[in-house]
Every structure is written in C-alpha cells, then in structure tokens.
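Okay, thanks everyone, I'll keep this short. I'd like to walk you through one chain, from the inside out.

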Amino acid sequence: MLRKMGEAVARVARKVNETVESGSDTLDLAECKLVSFPIGIYKVLRNVTDQIHLITLANNELKSLTSKFMTTFSQLRDVPVEKLAAMPALRSINLRFNPLNAEVRVIAPPLIKFDMLMSPEGARAPPP
C-alpha cells in the first residue's frame, strides 16, 4: 500500500515538474489517485500559475476543491461541462472570478444538476 502511495506521489511530482519546466499552459493530473488537491503544488507552481489555462483532474477520487484552488487558478477558462454533468455525487462547484468562455455560461446551466457558482461576465476578484 505504501509503495502504491509513493508511486502516486511520484507521478504527481513528475507531472507538476513537467508543467513548470516546459512552461506549459496545461497541468495534467489525470489518473493520479488524488483525493484532494495537494497543498505543496501551490508552492511549486507559484511562478507559473498565471499561465495555466487548463487543469485536467479526470479519473481521480476528489471530494472537493478548496477556495485556494479557485483563487490560485483564477484564470481558468474552459470547464468540461459534460464531465461535470456526469458526476452524480457533485453538489456544487464554485467558479467565481474565472474568465469563463461564453459557451460554458450558456451550455452549463441546463445540463447540470448541481449548483454552479459563477461571477457576472467580466467581474474581477477583489484584491487579497
């Protein structure tokens, strides 16, 4: 069991390092057995968070994403509405102060069965 956990941690570290070193706008943490978003990632990504526009968290065991996640990655634009709609246990997602594209704003509400919190188009987060 400890070996599998170590392998999962190593996979996350490898993927985060690839993002930082390549300057990619994508952070792919799919299939990493995450139950929460690792706190240490915020520190590692602190110099590149502004350029990340897509985060893939597919096929994990996430129970929630904290407000720190949403404020750190406030530049996310695309939301995989169809994947969110297929998550029967999801009750709420807070996407406030993200510059969501118009398609997400129009398509999402009729498809989802949970609360999706969004700011008005063009709204900016208050200064910290």
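Before we look at any residue, one cut-off: when I say buried, I mean under 20% relative accessible area. And keep in mind that this is a predicted model.

So, let's start with F37. Is F37 buried or exposed? Well, F37 has 6% relative accessibility, and because the cut-off is 20%, F37 counts as buried. Y42 goes the same way: with 7% relative accessibility, Y42 counts as buried too.

Now, those two belong together. The structure holds one aromatic pair, and F37 and Y42 are the partners. Their rings sit 5.4 Å apart, centre to centre, with 50° between the planes, so by the usual cut-offs of 30 and 60 degrees the pair is tilted.

Okay, the core. Nonpolar side chains tend to be buried together in soluble globular proteins. Here, the largest nonpolar core has 16 residues, and the members that touch the most others are L27, L29, F37, L45 and F73. Two helices, α1 (2-22) and α2 (39-44), each supply at least two residues of this core.

Let me pick out L29. You'll find L29 in the loop between β1 (26-28) and α2, and yet its relative accessible area is 0%, so L29 is buried. What does L29 touch, leaving aside neighbours within four places in sequence? The list is V12, K15, V16, L34, F37, I41, T56, L57, A58 and N60. Also, the C-alpha atoms of L29 and R11 are 8.6 Å apart, with their positions 18 residues apart along the chain.

L27 has its own set of contacts. Under that same exclusion of neighbours within four places, L27 meets K15, V16, T19, F37, L45, I52, L54, I55 and T56.

You may have noticed a lysine turning up there. K15 is in helix α1, and at 18% relative accessible area K15 is buried, because the limit is 20%. Not counting residues up to four places away, K15 touches L27, D28, L29, A30 and C32.

Right, zooming out. The chain has five helices and four strands, and reading along the sequence you get α-β-α-β-α-α-β-α-β. Of its 128 residues, 32% count as buried. If you take contacts between residues at least 6 apart in sequence, 55% of them join residues at least 24 apart. On the outside, the chain exposes about 8,600 Å², and carbon and sulfur atoms supply 57% of that.

That's my tour; over to you.

Terms used:
Residues are numbered from 1 along each chain as its sequence is written. This is a predicted model: local features need pLDDT of at least 70, side-chain atom pairs count only at pLDDT 80 or more; totals for chains, interfaces and linings use all residues. Side-chain values use heavy atoms; hydrogens and water are left out. A nonpolar core is a set of buried Ala, Val, Leu, Ile, Met, Phe, Trp, Tyr and Cys residues joined through side-chain atoms within 4.5 Å. Buried means under 20% relative accessible area, exposed over 50%, partly exposed in between (1.4 Å probe, protein chains only). Contact means heavy atoms within 4.5 Å. Rings of Phe, Tyr and Trp (its six-membered ring) pair if their centres lie within 6.5 Å; planes under 30 degrees apart count as stacked, over 60 as edge-to-face and the rest as tilted. Accessible areas come from the Shrake-Rupley method with a 1.4 Å probe; for residues, only the protein chains shown count as cover.
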